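Me: I should like to go through this model and ask, for each label, what justifies it. Please set each value against its definition.

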Amino acid sequence: MTSRTGALYGFLALAVTGLAILSFMTGPSALSAGSVWSALVAPDASPSSIIVREIRLPRTLLAILVGASLGLSGAALQGLLRNPLAEPGIIGASSSAAFGTALVFYFGLAGSSLAVLPAAGMTGAMLAVGLLFALAGRDATPLSLILAGVAISSFASALTALAINLASSAYAALEITFWLLGSLADRTMAHAAIAAPAMAAGWVLLLSCGRGLSSLSLGEDTAKSLGVSLASLRARIVLGVALAVGASVSVSGAIGFVGLIVPHLLRPAVGHDPGRLLGVSMLGGAALMLAADIVVRLLSSGIEIRLGVVTALIGAPFFLALLLQMRRRSG
Amino acid sequence: MRRGAAVLLSVLAASCGGQALAAAAPSRVVSIHLCADQLVLALAERGQIASVSWLATDVRRSHMAKAAAGLRLNNGSAEEIVALRPDLVLAGFRSGRATVGALRKLGYRVVDLEFADNFDVVRRQTRKVAGLLGRAARGEALIAEMDSRLARAAADVPALRPVAAIYQPMGFTSGRGSLEHALMTAAGFENLAAQRGMGALGHLPLESLVMAKPAVLINWMGNDPAPSLARSFYDHPALSAGPWRTLALPNMYWACGAWYSALAVEQLAGMRRRLTAERPK
């Protein structure tokens with residue numbers, strides 16, 4: 001690790017820590033820094049302690065976990081597909097994971113427990129990534145990749161809406177926005193606990209791909225001559241993305257664009273090395289998600305704005321700018 | 001012509017020595033709204049009812065679900081209502097305006113009911129529908145029963161009312177002007193949302209609720225067994241960590257304001273009595 005990358009890690013870790021502290025301080029009830037601190041180190045039954053431990057702590061933890069998962073998955077997909085537009089949301093992995101989760105949530109949960117949700121999300125994400133490879137192929141042009149992703153994504157969103165409309169709860173129809181736009185409001189420690197193991201497994205798989213992705217950026221033949229097995233690389237990334245994104249979406253709903261913005265912003269800082277991009281994108285994703293979730297709470301006076309709305313408001317213009325940039329370069 | 005036939009039929013029914021329905025009483029009543037269903041099912045002769053809405057048999061939302069069993073159900077579309085040849089259509093505050101407009105244009109008699117968000121409206125509405133159905137006496141009996149229940153619930157309200165908060169999914173609550181407020185107040189509670197100046201639909205984030213520490217938390221989702229995010233929300237540890245008592249009222253009681261709302265008031269008043277018995281002040 002060069003000292004420059006070391007400094008970058010230091011800066012990002014500092015940003016995540018600072019934003020996490022801000023996240024603990026942000027909410028409808030004004031709590032002093034002192035009461036937040038004492039709630040964390042010496043919890044009691046006071047309202048401020050309940051708020052910090054049961055409401056703000058899971059929210060902050062999940063923002064870090066989900067953000068890291070999305071940032072890392074985006075960086076890995078972009079490296080593997082050698083395409084800066086690849087992202088869990090755009091390729092349909094998030095919306096497919098949301099479909100899988102919603103299906104289990106509204107129809108299968110009665111006989112099973114909360115812990116099944118990540119498995120359902122992973123199955124959905126896995127199907128989407130597999131389908132994308134089948135549809136767009138591995139040497140896909142950016143355009144065919146996006147078209148395939150749009151098709152998968154819209155199809156999965158439509159299926160989610162259909163499934164929820166058929167759910168027997170009268171309230172379910174109002175909840176479509178959670179699955180399609182995501183939220184971290186009022187999640188619990190139980191949500192963090194069921195999602196974290198799968199996410200961690202996904203992280204391990206994806207982070208193990210660093211050297212392979214760096215070699216791949218030199219071309220497939222060079223990568224092969226350096227002893228990289230493309231089939232194994234692809235399998236690890238598909239599985240890793242399915243684990244990380246599936247588990248994230250199952251507790252937060254589909255939150256788009258994080259995996260697009262973060263690797264793109266950090267790429268110049270790691271010398272355009274897709275391998276070194278992985279770790280920093282994790283931290284960057286966590287920071288962006290924390291920031292977006294703080295913005296959501298600051299902006300909302302009544303019912304909270306969906307987290308996916310904020311990331312899309314930042315991400316969609318970003319995506320268009322990227323497209324224009326690519327067209328200029330190729331044209 | 002259609003109406004003429006209907007009148008003729010009801011005159012025939014009356015002259016055949018049937019029950020003393022007023023000659024003008026409708027004999028093919030169609031209700032297309034859950035709240036109208038309740039009144040029709042409680043007030044009308046069974047033979048007067050041509051159809052009630054599809055929600056009428058849902059035990060989670062309909063108080064009169066048993067009485068609705070076996071009746072023809074409708075989805076509230078103009079087409080199926082016309083096929084029922086009604087002489088009176090009762091619509092609610094949320095019935096599709098397009099449907100109601102189309103039915104009126106075709107010459108059907110459509111009566112709109114407002115949402116009853118307090119007991120004055122309940123009394124007015126019950127009298128109105130009872131009158132339309134030619135069952136005024138039955139209407140008065142329902143109102144008298146309700147009023148005696150309400151009087152008993154309000155008999156021992158202490159000067160310092162305990163504070164209750166009603167909690168709906170996603171942090172919504174109900175303040176002044178809501179049915180929920182009317183029920184809580186009738187049972188002798190102070191409504192937290194009203195205290196804070198909120199109107200019929202207010203927003204009370206989970207954090208603010210925890211800080212406010214009401215004596216009772218009323219679970220708005222009641223006994224809905226179907227999984228939903230809204231229901232899973234009530235499992236939030238912050239809700240069970242507080243010092244309050246919780247009371248789950250079946251959500252049928254929030255769907256419509258009606259004579260049976262007094263039953264919800266009785267349950268709430270029972271909770272209030274248990275509270276005061278525990279902590280004498």
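Me: What makes strand 6 and strand 10 of chain B a pair?
Reply: Strand 6 (residues 163-167) and strand 10 (residues 216-219) of chain B are joined by 4 bridges and run parallel. Two strands pair if DSSP finds at least two bridges between them, so the 4 bridges of strand 6 and strand 10 qualify. Within this pairing, A164(B) has V216(B) of strand 10 as its bridge partner.

Me: What joins strand 10 to strand 11 of chain B?
Reply: Strand 11 (residues 245-248) of chain B runs parallel to strand 10, again with 4 bridges. V216(B) stands opposite R245(B) of strand 11, and I218(B) has L247(B) as its bridge partner there.

Me: In which order do the strands of this open sheet lie?
Reply: The sheet has 4 strands of chain B in the order 8-6-10-11, with parallel pairing. Strand 8 (190-191) and strand 11 each have a single partner strand, so they stand at the edges and one side of each lacks a neighbour in the sheet.

Me: How is a run of residues recognised as a helix or a strand?
Reply: Both are DSSP runs, numbered from the N terminus: helices (H or I) need at least four residues and strands (E) at least two. Chain B has 14 helices and 11 strands.

Me: What is the status of the model, and how are residues and chains labelled?
Reply: This is a predicted model, in which local features need pLDDT of at least 70 and side-chain atom pairs count only at pLDDT 80 or more, while totals for chains, interfaces and linings use all residues. Residues are numbered from 1 along each chain as its sequence is written, with chains lettered from A and ligands numbered from 1 in the order in which they are written.

Me: Where in chain B does pLDDT stay under 50?
Reply: pLDDT is the predictor's confidence in each residue, from 0 to 100. It stays under 50 over residues 1-21 of chain B. Where pLDDT is low, the predicted coordinates should not be read in detail. For chain B the mean is 88, and 90% of the residues reach 70 or more. The complex receives an ipTM of 0.79 and a pTM of 0.85 from the predictor.

Me: Which strands stand at the edges of the open sheet with the order 3-2-1-4-5?
Reply: That sheet comprises 5 strands of chain B with parallel pairing. Strand 3 (73-74) and strand 5 (110-112) are at its edges, because each has a single partner strand. Strand 1 (residues 29-31) and strand 4 (residues 88-91) are joined in the parallel sense by 3 bridges, and V29(B) has L88(B) as its bridge partner.

Me: How much of chain B counts as buried?
Reply: Of its 281 residues, 46% count as buried, meaning that 20 or more other C-beta atoms, placed from the backbone, lie within 10 Å of the residue's own.

Me: How many residues take part in the contact between the chains?
Reply: Two residues are in contact if their C-beta atoms, placed from the backbone, lie within 7 Å. The contact takes 23 residues from chain B and 23 residues from chain A. On the chain B side, helix 10 (206-212), helix 11 (229-232) and helix 12 (237-241) each supply at least two residues, and helix 10 gives the most, with 5 residues.

Terms used
Buried ≥ 20, exposed ≤ 12 C-beta atoms within 10 Å, placed from the backbone.
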